[in-house]
Amino acid sequence: MVDRYPDNPGAKGPDGTSQDAAEAIAPTVSHLRRLAMRSLARLGEATPLEAVAISGVTRESLQPRFSELRAIGLIEPTGARRRNPSGKNASVLRLTDKGRAAL
């Protein structure tokens, strides 16, 4: 798989495990990105974990899509941060005009 992040899912490290995971998720990434965007549209603005919670999809499948969507310019940070259940702060995200038009 050619690494053309953010158009294709990203992979880290040279060992092949990450590349295998990116290749395995690639056929569903378009659907997962749309689901992430719909979750944000429904909530108005949310942290990735808040959007994951209403999506019905696993965190491992959906959370990386938020980074891809940011890189593509379909979502953006609001400037606010909120605490996740883990106690760490996370950026609050919203759809951009481009993201709303893509839905």
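**Figure 1. Surroundings of Thr-47 in the predicted model.** In this predicted model, Thr-47 is in contact with Arg-82, Asn-84, Ala-90, Ser-91 and Val-92, neighbours within four places in sequence being left aside. Thr-47 itself is found in the loop between H2 and H3. With a relative accessible area of 0%, the residue Thr-47 is buried, the limit for that class being under 20%. The view also includes Arg-83, which is 36 residues away from Thr-47 along the chain; the C-alpha atoms of the two residues are separated by 8.9 Å.

**Figure 2. The salt bridge between Glu-50 and Arg-82.** Arg-82, one of the contacts of Thr-47, also forms a salt bridge with Glu-50. The closest N and O atoms of the Glu-50 and Arg-82 pair are 2.8 Å apart. Glu-50 belongs to helix H3, which covers residues 48-55, and Arg-82 belongs to strand E1, which covers residues 75-83; the pair therefore ties together parts that are 32 residues apart in sequence. Glu-50 has a relative accessibility of 30% and so counts as partly exposed. Arg-82 is likewise partly exposed, because its relative accessible area is 31%.

**Figure 3. The salt bridge between strands E1 and E2.** Glu-76 forms a salt bridge with Arg-94, and the closest N and O atoms lie 2.9 Å apart. Glu-76 is located in strand E1 and Arg-94 in strand E2 (residues 89-95), so this pair ties together parts that are 18 residues apart in sequence. At 29% relative accessibility, Glu-76 counts as partly exposed. Arg-94 has a relative accessible area of 31% and is also partly exposed.

**Figure 4. A salt bridge within helix H5.** Here Arg-100 forms a salt bridge with Asp-97, with 2.3 Å between the closest N and O atoms. Both residues, Arg-100 and Asp-97, lie in helix H5 (residues 97-102), where they are three residues apart, about one turn of the helix. The two partners fall into separate accessibility classes: Arg-100 is partly exposed at 46%, whereas Asp-97 is exposed at 59%. The boundary that divides these classes is 50% relative accessible area, since a residue counts as exposed when over that value.

**Figure 5. Arg-33 and its salt-bridge network.** Arg-33, Arg-65 and Glu-68 are linked in a network of salt bridges. Arg-33 lies in helix H2 and, with a relative accessibility of 11%, counts as buried. Beyond its neighbours within four places in sequence, Arg-33 is in contact with Pro-6, Asp-7, Asn-8, Arg-65, Glu-68, Leu-69 and Ile-72. The contact list of Arg-33 thus includes Arg-65 and Glu-68, the residues with which Arg-33 shares the network.

**Figure 6. Ser-39 of helix H2 and its contacts.** Ser-39 is found in helix H2, which spans residues 29-43. Ser-39 counts as buried because its relative accessibility is 4%. When residues up to four places away in sequence are not counted, Ser-39 touches Ala-51, Ile-54 and Ser-55. Helix H2 also holds Arg-33, the subject of the preceding legend.

**Figure 7. The whole chain, as context for the close-up views.** The chain has five helices and two strands, which follow the pattern α-α-α-α-β-β-α along the sequence. Its radius of gyration is 14 Å, which agrees with the value near 13 Å for a compact globule of 103 residues. Taken along the principal axes, the box filled by the C-alpha atoms is roughly 35 × 35 × 25 Å. Buried residues make up 32% of the 103 residues. Among contacts with a separation of 6 or more, 47% are between residues 24 or more positions apart. The accessible surface of the chain is about 6200 Å², and carbon and sulfur atoms account for 49% of that surface. The chain carries 16 positive and 11 negative side chains, and the centres of the two sets lie 7 Å apart. A search of the whole structure finds six salt bridges, among them the pairs Glu-50 with Arg-82, Glu-76 with Arg-94 and Arg-100 with Asp-97.

Notes. Residues are numbered from 1 along each chain as its sequence is written. This is a predicted model: local features need pLDDT of at least 70, side-chain atom pairs count only at pLDDT 80 or more; totals for chains, interfaces and linings use all residues. Side-chain values use heavy atoms; hydrogens and water are left out. Helices (H or I, at least four residues) and strands (E, at least two) are DSSP runs, numbered from the N terminus. The radius of gyration is taken over C-alpha atoms; the globule rule is 2.2 Å times the number of residues to the power 0.38. Buried means under 20% relative accessible area, exposed over 50%, partly exposed in between (1.4 Å probe, protein chains only). Contact means heavy atoms within 4.5 Å. Accessible areas come from the Shrake-Rupley method with a 1.4 Å probe; for residues, only the protein chains shown count as cover. Lys and Arg count as positive and Asp and Glu as negative; His and the chain ends are not counted. The place of a charge is taken as NZ of Lys, CZ of Arg, CG of Asp or CD of Glu. A salt bridge is a side-chain nitrogen of Lys or Arg within 4 Å of a carboxyl oxygen of Asp or Glu.
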